[in-house]
Amino acid sequence: MSRKVRADIHLDAIVHNYRLACAQAPEAKAVAIVKADAYGHGAVRVAQSLAAEAPAFGVACIEEALVLRSAGLTQPIVLLEGCFDAEELPVVSREGFWPAVHSEHQLAALERAVLPVPVPVWLKVDTGMHRLGFAPDAVAAAVARLRACAAVSDILLMTHFARADEPEQAMTEMQLARFNQVAEGLGLAASLSNSAAVMAWPEAHRQWLRPGIMLYGATPFERAQPVADQLQAGMTLSSEIIAVRDVPAGEAVGYGAAFVCDQPRRIGTVAMGYGDGYPRHARVGTPVIVAGQRTSLAGRVSMDMLTVDLTDLPHADVGSRVELWGRQLPVAEVARWSDTIAYTLLTGLTSRVPRCYD
Ligand SMILES: *Cc1c(COP(=O)(O)O)cnc(C)c1O
């Protein structure tokens, strides 16, 4: 018998979610963002499942892009942070990658480069995120230099929103206004929209969308949202109860004796812990599905195990299936109970958890 931890990856749901992203902007194309091993879902399998419809993929760096090429994927691949080193440029050119250009050193490297095939670049504009990109008043000059550059075949303008997941926030409108002012008259295609903007900011759609988290079925929004509510879970993380005991009132469960039984309780031990990527900071009360029914964490999460309250689930026993997040329990809900976001839970799943593809 082996440990029953697994992450089922629902490739059909990921395809559904990709189509949902595309349906928000029928005139646009959508780069499927598969960085960080497709947010923990397996970049190669996810990209293969989208290969028939996604015109391009997006990753953080050339290493991630080369993994997709080695697997036989032929689409252009956007390098969202561009090249870290000028030595990457010949590979970028040969492999058909589209690098972001977010800073002077990347621009200067392109000006010096002699490449087998000129590359299309995504010029990043810093409209207020203040992480990467050219300041709005530096963009026209950067575009002029790129246009004069023999190593560059095409230029697209991109920017990234800091608060698109907060639909009532004015900051996205401010970033959009700055972007529009910069882009005016340049006649370049544009890409602005992460998942939140794909779903909530139609005025930001333009030529290329960049959906990430929504492909995996997790909402970036705090509240219900009409498009996000149609997403399907891309992953179900599950395990089994490996022990059950009756704990008397007044006795505590787990490290730090942090959960004290207020009454006699039936406690189940689940083979799942922070060594698998389940958040150690998930609070007592975090929902868990046992044998199809909702219950909750009782006590702190350990490395290989966690404990759940089975007092009201008399039929649950050793061997009962436990869903930690997935089709019956949105990962974003577990994230809220853990004071984090779905992104960290999905990308934080460790290699100890086998990914099973259905
Ligand atoms: C990761 C990333 C995205 C995707 O963001 P989601 O919120 O996951 O949709 C889009 N654009 C850039 C530049 C990114 O780094």
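**Entry 1: a term, and the lysine in the record**

Before I looked up any residue I wrote down the terms for exposure: a residue is buried when its relative accessible area is under 20%, exposed when that value is over 50%, and partly exposed in between. I also noted that I am working with a predicted model, so every value here is computed from that model.

I began with K35, because the UniProt annotation, from an unreviewed entry, gives "modified residue: N6-(pyridoxal phosphate)lysine" for K35, and I remind myself that such annotations may be inferred rather than shown by experiment. Is K35 buried, exposed or partly exposed? Its relative accessibility is 29%, which lies between the two cut-offs, and therefore K35 counts as partly exposed. I found K35 in helix α2, which covers residues 35–40. Leaving aside neighbours within four places in sequence, I listed G58, V59, A60, E64 and L80 as the residues in contact with K35.

**Entry 2: around the ligand**

Next I asked which residues surround the ligand. K35 is one of them, and I also wrote down Y39, L80, K124, H160, N194, S195, R210, P211, G212, I213 and Y343. I noticed that L80 appears here and also among the contacts of K35.

I then looked at individual atom pairs. A nitrogen atom of the ligand is 2.9 Å from an N or O atom in the side chain of R210, while an oxygen atom of the ligand is 2.8 Å from a polar atom in the backbone of I213. For Y343, a polar atom of the side chain lies 2.6 Å from an oxygen atom of the ligand. How much of the ligand does the protein cover? On its own the ligand has 390 Å² of accessible area, and the protein covers 92% of this.

**Entry 3: the barrel**

I followed the strands and found that eight of them close into a barrel with parallel pairing, in the order β2-β3-β4-β5-β6-β7-β8-β9. I reminded myself that strands of a sheet pair through backbone hydrogen bonds, either parallel or antiparallel.

To see how the ring closes, I checked strand β2 (residues 29–33) against strand β9 (residues 208–209), and these two run parallel and are joined by two bridges. In this pair, A30 stands opposite L209 in β9. I also checked strand β6 (residues 119–124), which pairs with β7 in the parallel sense over six bridges, and there L123 has L157 in β7 as its bridge partner. Strand β7 itself (residues 152–158) is mostly covered, since five of its seven residues are buried.

**Entry 4: two buried residues**

I picked V139, which is found in helix α7 (residues 139–147). With a relative accessible area of 0%, V139 falls under the 20% cut-off and is therefore buried. Not counting neighbours within four places in sequence, V139 is in contact with L123, V125, F134, L157, V182 and L186, so that both members of the bridge pair L123 and L157 are on this list. I also compared V139 with V318: they are 179 residues apart in sequence, and their C-alpha atoms are 62 Å apart in space.

My second residue was S193, in strand β8 (residues 189–193). S193 also has a relative accessible area of 0%, and because this is under 20%, S193 is buried. A polar atom of the side chain of S193 lies 2.8 Å from the backbone oxygen of A204. Beyond four places in sequence, S193 touches V198, A204, H205, L209, R210 and P211, and of these I had already met R210 and P211 around the ligand.

**Entry 5: a helix, a domain and the whole protein**

In helix α6 (residues 104–112) I found Q106, L107, A108, A109 and L110 to be the buried residues, and these pack against α5 (89–95), β5 (97–101), β6, α7 and β7.

The UniProt annotation "domain: Alanine racemase C-terminal", from an unreviewed entry, covers residues 234–358. This span is 10% helix and 34% strand, and its end C-alpha atoms lie 11 Å apart.

For the whole protein I counted 11 helices and 18 strands, and of its 358 residues 54% count as buried. The C-alpha atoms fill a box of roughly 75 × 45 × 35 Å along the principal axes. Among contacts between residues at least 6 apart in sequence, 65% join residues at least 24 apart.

Conventions. Residues are numbered from 1 along each chain as its sequence is written. This is a predicted model: local features need pLDDT of at least 70, side-chain atom pairs count only at pLDDT 80 or more; totals for chains, interfaces and linings use all residues. Side-chain values use heavy atoms; hydrogens and water are left out. Helices (H or I, at least four residues) and strands (E, at least two) are DSSP runs, numbered from the N terminus. Buried means under 20% relative accessible area, exposed over 50%, partly exposed in between (1.4 Å probe, protein chains only). Contact means heavy atoms within 4.5 Å. A residue is near a molecule or strand if one of its heavy atoms lies within 4 Å of it. A polar contact is a pair of N or O atoms within 3.5 Å; within protein, one must be able to donate a hydrogen and the other to accept it, and residues adjacent in sequence count only if both atoms are side-chain atoms. Accessible areas come from the Shrake-Rupley method with a 1.4 Å probe; for residues, only the protein chains shown count as cover. Two strands pair if DSSP finds at least two bridges between them.
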